[in-house]
Structures are given as C-alpha cells and as structure tokens.
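Open the model and keep a distance tool at hand. Work through each exercise before reading its solution.

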Amino acid sequence: MRLIIFGATGSIGKQIVLQALSLGHDVTAFVRSIEKLQDIKHDNLNILKGDVLDPVSVEKAVKGHDAVFCTLGDGRAGKIRAVGTRNIIHGMEKSGAERLICQTTLGAGDSKANLNFFWKYIMFGWFLKKAFLDHELQERYIKDSSVNWTIVRPGAFTDGEVTGKFRHGFSATEKAIKLKISRADVAKFMLQQLHTDQYIQKTPGLSY
C-alpha cells in the first residue's frame, strides 16, 4: 500500500515509518526537516519536505496515497495538532484519499474516566493542558469529517520493542490498565488498522 505519515520524525511517526517499510509498504514521510530521517535508507521511502500548516502542500502530498497516518505533536504548546489535522482532512477530501488513522491520547473524549488522578488533574488538567485541549479539538475535526477515520488513544509512551501484548478497545470506564504503552506497540496497532474495519469511526484506547 502507499502510505503517507504526517509527524514522521516524531517518536511514534518514526516507528510507523520503520515498521511500514519492513512490511513492504511504499512510504512517504511528510516532514519539516529532512535531516531528521536521513538515518533511514530504503528504496520504498520517499521523504517529502513540507509544512502541515500549509494546506496547499498538504493536499498535494496526500494525493495518490491509500492511507494517511497522523502522529502530529509539538510538545506542550498545543498549536499544531488540530490545525494540522484539519489541513490533512481537507486535503484528503479534495484529493479523494479516504483512510485516516490518527494518534491522539488516552483521556480524550469519553476516555477521560480511564485516567487516574495524576493524569486527569495534574498532567492534563495543568501541566499538559494546552496539548490535551489541542487533542480534543483534533478529534472534533476528525469526527466531523467525511473520511474513514480511526482515532487511536494510547496511554503514556515508553521505550521498548514490539510486543503485541497490549489491550485495545476497552471500556471508557476501564480502570485495570497500566496507562502506558511502548511507542513501537502504538505503531504496530496503528498499522494493523489497515487490514481491519473493526475500528472504523471508532476511538480505541491502547494500553498494557
């Protein structure tokens, strides 16, 4: 399949790039800085420089791809995810691309009840509040779109190898989860969505 990844230089995006290439996909990495992916050499990798805040370049980039992955991030700032995702959606709707798989965060929307006190009130209620609100708006844009979307809501990111031993699609009130998952496993789960309709127009949580 021909895949394009927005946020390809981030910790999740880079994992998607590497795993997608290992699975034989043709991958376009849409990046602001080409240098950040120069360590990856592969015949099926096309590194495309652009700005997700520029709707024209996003629309051109999306055209001709079978699926779009969105793993945008900008730390605590909360200024890129929603606006960038809106541009991606508009580009998809204009170019005819239909499949969007986007990573947000566990705690967004109806999954807030999954969080413990620390994540609900300290991290997302204060320290990462702007980023959290950006994710909330990002999800709203996706749900209001006409594309075939899946919103993946992972817990806190950890390092580690692909295990495949994670929980997904659990109840929005589930408490018996660790609220963490490796970046490699997040990428694995997101790529799995290419071959199933299980979570079309759904928001599966993801955690150990």
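The exercises below deal with aromatic rings, a surface patch and one helix residue in this predicted model.

**Exercise 1.** Classify the ring pair Phe124 and Phe132.

Solution. Start with the geometry: a pair of aromatic rings is described by the distance of the centres and the angle of the planes. The structure holds 8 aromatic pairs. For Phe124 and Phe132, the centres are 4.8 Å apart and the planes meet at 25°. Planes under 30 degrees apart count as stacked, so this pair is stacked. Next, check burial. Phe124 has a relative accessible area of 11% and is buried. Phe132 is also buried, at 11%. Finally, widen the view: Phe124 and Phe132 belong to one aromatic cluster with Phe118 and Trp119.

**Exercise 2.** Classify the ring pair Phe166 and Phe189, then place both residues.

Solution. The centres lie 5.9 Å apart and the planes stand at 90°, so the pair is edge-to-face. Phe166 is in the loop between β7 and β8, while Phe189 is in helix α6. They are 23 residues apart, and the pair links distant parts of the chain. Both Phe166 and Phe189 are buried.

**Exercise 3.** Decide whether Phe117 is buried or exposed, and find its patch.

Solution. Phe117 lies in helix α4, residues 117-127. Its relative accessibility is 57%, so Phe117 counts as exposed. Phe117 joins Phe118, Tyr121, Ile122, Trp126 and Phe127 in a nonpolar surface patch of about 690 Å². Now look at Phe127: the charged end of Arg76 sits over its ring, 3.9 Å from the centre.

**Exercise 4.** Describe the surroundings of Ile89.

Solution. Ile89 is in helix α3, residues 81-95. With 3% relative accessible area, Ile89 is buried. Beyond four places in sequence, Ile89 touches Leu100, Tyr141, Ile142 and Ser145.

How values were computed: Residues numbered from 1 in each chain as written. Predicted model: local features only at pLDDT ≥ 70, side-chain atom pairs only at ≥ 80, totals over all residues. Heavy atoms only, no water. Patch = residues over 30% accessible without salt bridge, like charges linked within 9 Å, V, L, I, M, F, W, Y side chains within 5 Å. Areas by Shrake-Rupley, 256 points an atom, 1.4 Å probe, with all protein chains shown as cover. Salt bridge = Lys/Arg side-chain N within 4 Å of Asp/Glu carboxyl O. Helix = DSSP H or I, 4+ residues; strand = E, 2+ residues; numbered from the N terminus. Buried < 20%, exposed > 50% of the residue type's maximum accessible area, 1.4 Å probe, protein only. Contact = heavy atoms within 4.5 Å. Phe/Tyr/Trp six-rings, centres within 6.5 Å; stacked < 30°, edge-to-face > 60°. Lys NZ or Arg CZ within 6 Å of the ring centre and 35° of its normal.
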